[in-house]
Amino acid sequence: MTQPTRTVRVRFAPAPTGYLHIGGARTALFNWLFARHQGGELVLRVEDTDAERSRPELVEAIYDTLRWLGLDWDGEPVHQSGRGEIYHDAAERLLAHGAAYRCDCTRAALDARNAASGRKTPGYDGFCRDRQVPPGPDAVVRFRIPDPDGATGWHDLIRGEVTFEHADLEDFVIVRSNGVPMFLLANAIDDADMAITHVIRGEDLINTTPKVILLREALGSGYADYAPQYAHVPLIVNEKRQKLSKRRDDVSVGDYRERGYLPEAMVNYLATLGWGAPDGIEIRPLSEIVELFDIAHVSSSSAFFDLKKLDHFAGEYLRALPAAEFVERSGPWLRGEVGPPPPWPEGAFDPAVFAPLAPLVQERVVRFDQVPGYVDFVFRPEPELDQASWDKVMVKAADAAGLMLDAVIAAYETCDWQAEALMAVIQAEGERLELPKKQWQAPVRVAVTGRSVGPPLGESLVALGRERTLARLRAARARV
């Protein structure tokens, strides 16, 4: 008789920290890709057993980030905080069967014993295994590692055969002294109860897997025979090959969101951290990534989070936006709704003035927070001067700058105010004055925008208008 095929069910289980870090987002994505590729389900389960650290707004922040990334889930999220009674009943069963025991050892006492015995491994020494510690406010519940000469292992879909010797595992805590169950116990129960078929998570959790397996075996009927498939994805490291850390690296997805990275670009880039399509093409639609994704092809080596490469992805996606969509999605940064306040007075921004410049800016940025800096000269009363640009153009080549500004000012008073005509004036005057080409545009650009880089000069002058352009040119000429 043919056995029915189980529905693939994978779970993403974030802790309610209030933000989703890069590694967590990549793990969520790999779970999502696997589930969607297999036609299965993604279960979102929140590890919020510690009520003191699990405020609703922190949980909602996780949901919001997942939605921003476009990663949906099936059914309602499961909150472990609502399953506390189940975990406590399981802990009591383990205590009754001798698979767990209470321990009232303090950290100081444990450290003293380890120092006195000369133990090289600083873990728990099993001191309370046979002490019959009664329940109390200072007692935790520890799981008793069985068969110290044995081993626990599994076939990992990424790493192959993985085995942990029991001698290397300490009796670990499953219930804290305040009565809060540890995630190890909760996950051992929930994965079985929710029929999770695959557990895909970070490599940093691989040492917890044998503990969860041993817990299920000790829990007996309904759990001992449950065996999901595990896949431990590689760590993400920085340019120094160090694990990403919030103390030294930008790890919060929310920070990248606030800077204006497109979520489509972020998701595509995260998919390449440890996995690659067989044809080697990295930038591609998410639908194609879903179709091609194979967990067995995820590397076991650490993945380098390369900000320059992310910027490349972001730039490609941003330039592919229709112009109207670019304008619309730039709006929150131009209006000061996201990120720092824009660099111009309140109410100075004019969407109609920005619109013709938008396609030119779109070619030059990779994030939306860069957009205001490209057009600030239009909406400021006076341009913000970049001193290095001024010194290079107006001080080191003062004679040429003065000649060019005089000529352009005279011509701009009456010429046609169109981009091509304005640039034609600059070329004609530069040739007439026999100046090097690099000295044609530079004095005009620095005078009107305050810097030597920006959108095409002709279109910038049109946006600024004749009167304001001439005023800035004359002010700059007076300083040269």
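Which residues lie nearest the centre of the largest pocket? I began my notes with this, keeping in mind that the model is predicted.

**Entry 1, the largest pocket.** I looked up the lining and found that it is made of 41 residues, with A13, A15, H21, D204 and L205 lying nearest the centre of the pocket. For the volume of this largest pocket I noted a value of about 1200 Å³. I then sorted the lining by residue class, which gave 20 nonpolar, 10 polar and 11 charged residues. Turning to the secondary structure, I saw that β1 (9–12), α1, α2 (56–69), α5 (183–193) and β9 (198–202) each supply at least two residues of the lining. The largest share comes from α1, which gives 5 residues to the lining of the largest pocket.

**Entry 2, R26 in helix α1.** Since α1 had come up, I went on to R26, which lies in this helix, spanning residues 22–37. Is R26 buried or exposed? I recorded a relative accessible area of 2% for R26, and because buried means under 20%, R26 counts as buried. I next listed its contacts, leaving aside the neighbours within four places in sequence, and found V233, P234, L235, I236, L270, L273 and A303. What does the side chain of R26 reach at 2.3 Å? The partner is the backbone oxygen of P234, so I noted this as a polar contact, for which the N or O atoms must be within 3.5 Å. I also looked up the C-alpha atoms of R26 and V267, which are separated by 8.1 Å although the two residues are 241 residues apart along the chain.

**Entry 3, the second largest pocket.** I returned to the pockets and noted a volume of about 380 Å³ for the second largest one. Its lining consists of 18 residues, and those lying nearest the centre are H166, A167, D168, L169 and E170. By class, the lining of this second largest pocket divides into 6 nonpolar, 5 polar and 7 charged residues.

**Entry 4, strands β6 and β7.** How do strands β6 and β7 run, parallel or antiparallel? I found that β6 (residues 151–156) and β7 (residues 160–165) run antiparallel and are joined by 6 bridges. The connection from β6 to β7 is a hairpin that passes through 3 residues. Within this pairing I picked out G153, which stands opposite T163 in β7. For reading the strands, I kept in mind that side chains in a regular strand alternate between the two faces of the sheet.

Definitions and conventions: Residues numbered from 1 in each chain as written. Predicted model: local features only at pLDDT ≥ 70, side-chain atom pairs only at ≥ 80, totals over all residues. Heavy atoms only, no water. Buried < 20%, exposed > 50% of the residue type's maximum accessible area, 1.4 Å probe, protein only. Contact = heavy atoms within 4.5 Å. Polar contact = N/O pair within 3.5 Å; in protein donor to acceptor, adjacent residues only side chain to side chain. 1 Å grid on protein atoms, 1.4 Å probe; cavity = no way out; pocket = protein on both sides within 12 Å on 5 of 7 lines; lining within 4 Å. Points joined across faces, edges and corners; volume = space filled by probe spheres on them. Nonpolar A, V, L, I, M, F, W, Y, C, P; charged D, E, K, R; others polar. Pairing = 2+ DSSP bridges.
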